[in-house]
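Open the model in your viewer and keep the selection panel at hand. The stops below go from one sheet to another, with a surface patch and a strand pair along the way.

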Amino acid sequence: KVQTSFRQNASSIGRWGRSTTNPVTIPGSTASGTAEGYSYTLTGSPSPLHSPPINMPPPIPPRPVIRQSSFTKIGYMINTAVNGTKKQFSSGNGETSWCFSQIKGALDDDVTEADIISCVEFNHDGELLATGDKGGRVVIFQRDPSSKASTPRRGEYNVYSTFQSHEPEFDYLKSLEIEEKINKIRWLKRKNQSHFLLSTNDKTIKLWKVSERDKRVEGYNTREDNGSIRDPASINALRVPSIKPMDLMVEASPRRIFANAHTYHINSISVNSDQETYLSADDLRINLWHLEITDQSFNIVDIKPANMEELTEVITAAEFHPTECNVFVYSSSKGTIRLCDMRSSALCDRHAKLFEEPEDVDITNKSFFREIISSISDVKLSNSGRYMISRDYLSIKVWDLHMETRPIETYPVHEYLRTKLCSLYENDCIFDKFECCWNGNDSAIMTGSYNNFFRIFDRNTNKDVTLEASRDIIKPKTVLKPRKVCTGGKRKKDEISVDCLAFNKRILHTAWHPLENIIAVAATNNLFIFQDKF
């Protein structure tokens with residue numbers, strides 16, 4: 001059983017939540033290809049910017065972006081220079097037109113529960129795309145090399161590997177079934193020829209190694225080529241084994257299993273920027289793990305009250321900062337986000353910052369559903385590390401980590417549903433957990449809605465668009481037409497009435513390619529891949 005540290009052990013817990021009395025020896029990365037170790041990746045600082053010449057033409061007037069200070073713009077310029085972000089994410093008129101690229105999954109109307117996609121995740125360079133489903137399976141898609149090399153580039157993916165990550169289990173002590181559903185998938189940065197990813201269900205986290213093999217060894221001395229052991233008496237001479245080519249085979253093998261550390265259902269996992277540790281969060285606790293140690297984790301957040309009747313909120317999502325290995329954030333069902341710094345204390349129950357929107361003093365706006373719809377279902381830090389987005393039931397908000405008092409941007413996702421909250425409560429749709437994601441340069445955000453609609457918000461132009469992941473447009477290069485919802489009055493030709501929305505068709509999981517305008521949208525058992533118009 002996993003040993004989880006408690007408060008009485010705080011004196012022996014070091015800066016990173018590890019025991020100081022028994023220090024952990026961390027193996028460095030090796031060139032042997034075994035991928036048994038992980039190490040820091042250090043990057044040099046950017047060269048200083050040259051001062052402009054004295055005789056310069058008049059500067060071009062800046063775009064009317066009111067939310068960024070001059071320091072934010074300088075920080076973004078430096079971040080762009082360091083990361084080498086390519087020119088991307090917009091067409092000539094400043095807007096992106098999206099077109100259909102691919103659809104994965106069966107097109108039958110008869111959908112089994114096990115085939116419903118439960119998470120979607122690109123790896124760090126966008127070459128691989130992983131999905132998990134309610135049946136415990138993980139499917140990895142690889143970017144088609146020919147589509148990447150074509151002009152213009154196309155976003156097409158082929159099945160790379162499929163494996164069963166989790167199986168259904170039964171907790172005999174609590175008489176509870178443990179579902180095999182994959183809650184989250186997180187990629188580790190690539191260190192060698194193999195790929196590594198973490199997958200989790202409600203209770204168990206697994207580290208998977210995905211590797212290729214295109215050669216086999218023949219001519220063993222002690223066993224036959226089929227694996228059977230040879231009789232030593234029949235060995236009259238020694239032979240040198242030879243390496244023969246074979247058809248490419250992709251193998252997925254579990255390298256670590258992290259179990260027995262969570263009493264409640266795991267809702268989040270996040271890999272630290274040091275690529276050595278990661279966190280896992282359930283409803284009341286957050287644990288810190290080392291990727292090489294499976295039998296010990298450290299409890300860094302615990303909001304469980306002594307009396308469960310005094311429980312007022314639960315943890316809904318948690319994520320590490322993309323560059324600061326000591327900082328992480330977690331959101332709650334009360335609509336708050338807490339930022340914690342592990343340098344101040346190994347036990348981070350006392351947050352460093354609290355992000356909370358001011359409560360509306362107008363009592364007429366308060367309703368029975370206010371607390372339900374203000375619960376944050378997902379939180380994501382931006383690639384630059386300066387901002388974060390939070391998704392509640394009706395809106396998505398952008399927060400500046402330097403300003404805790406209120407969000408700097410608020411985008412309504414489906415405000416027209418505010419008048420339908422009673423019926424949404426009755427059919428349990430009000431408890432749906434929508435995720436959100438950034439594009440590669442933090443200029444746009446995406447999240448899902450009902451009727452297979454998904455929303456994209458451009459932060460630079462302050463424009464938004466509603467698109468639909470529909471089987472009616474599964475023809476290559478078909479341009480997606482913006483959809484509009486009629487909220488009242490006479491309905492126009494291209495609009496759809498609120499009463500006609502299909503609430504059983506929902507987009508909960510989306511992912512954006514880290515370097516290009518390619519998005520993956522999970523609609524029930526189908527994975528839609530869209531890209532900018534080519």
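Which residue in strand 19 does Val327 stand opposite? Select Val327 and look across to strand 19: the residue there is Asp341. Bear in mind throughout that this is a predicted model.

**Stop 1: the sheet around Val327**

Extend the selection to residues 327-332, which are strand 18, and residues 337-341, which are strand 19. The two run antiparallel and are joined by 5 bridges. They belong to an open sheet of 4 strands, ordered 17-18-19-20, with antiparallel pairing. Now add strand 17 (315-320) and strand 20 (353-355), which stand at the edges. Each has a single partner strand, so one side of each has no neighbour in the sheet. From one strand to the next, the twist averages 20°. As background, strands of a sheet pair through backbone hydrogen bonds, in either a parallel or an antiparallel sense.

**Stop 2: a second open sheet**

Next, select strand 25 (436-438) and strand 28 (463-468). What is the strand order of the sheet they belong to? The order is 25-26-27-28, an open sheet of 4 strands paired antiparallel. Strands 25 and 28 are its edges; each has a single partner strand, so one side of each is left without a neighbour in the sheet. Neighbouring strands here are turned by 20° against each other on average, with direction ignored.

Zoom in on strand 25 and add residues 444-448, strand 26. These two pair in the antiparallel sense over 3 bridges. To see one facing pair, label Cys437 and Met446, the latter in strand 26; they stand opposite each other.

**Stop 3: a nonpolar patch**

Move to the loop between helix 4 (421-426) and strand 25, where Phe431 is located. Is Phe431 buried, partly exposed or exposed? Its relative accessible area is 39%, so Phe431 counts as partly exposed. Show the surface and add Phe368 and Tyr425: together with Phe431 they make a nonpolar surface patch of about 330 Å².

**Stop 4: an enclosed strand**

Finally, select residues 98-104, strand 2. How many of its 7 residues are buried? The count is 6, so strand 2 is largely enclosed by the rest of the structure. Add residues 526-532 to bring in strand 33, which runs antiparallel to strand 2 and is joined to it by 6 bridges. For a single pairing to inspect, pick Cys99: its bridge partner in strand 33 is Gln531.

Technical notes. Residues numbered from 1 in each chain as written. Predicted model: local features only at pLDDT ≥ 70, side-chain atom pairs only at ≥ 80, totals over all residues. Heavy atoms only, no water. Buried < 20%, exposed > 50% of the residue type's maximum accessible area, 1.4 Å probe, protein only. Pairing = 2+ DSSP bridges. Axes fitted to C-alpha atoms, helices over the stretch in contact; angles between N-to-C directions. Patch = residues over 30% accessible without salt bridge, like charges linked within 9 Å, V, L, I, M, F, W, Y side chains within 5 Å. Areas by Shrake-Rupley, 256 points an atom, 1.4 Å probe, with all protein chains shown as cover. Salt bridge = Lys/Arg side-chain N within 4 Å of Asp/Glu carboxyl O.
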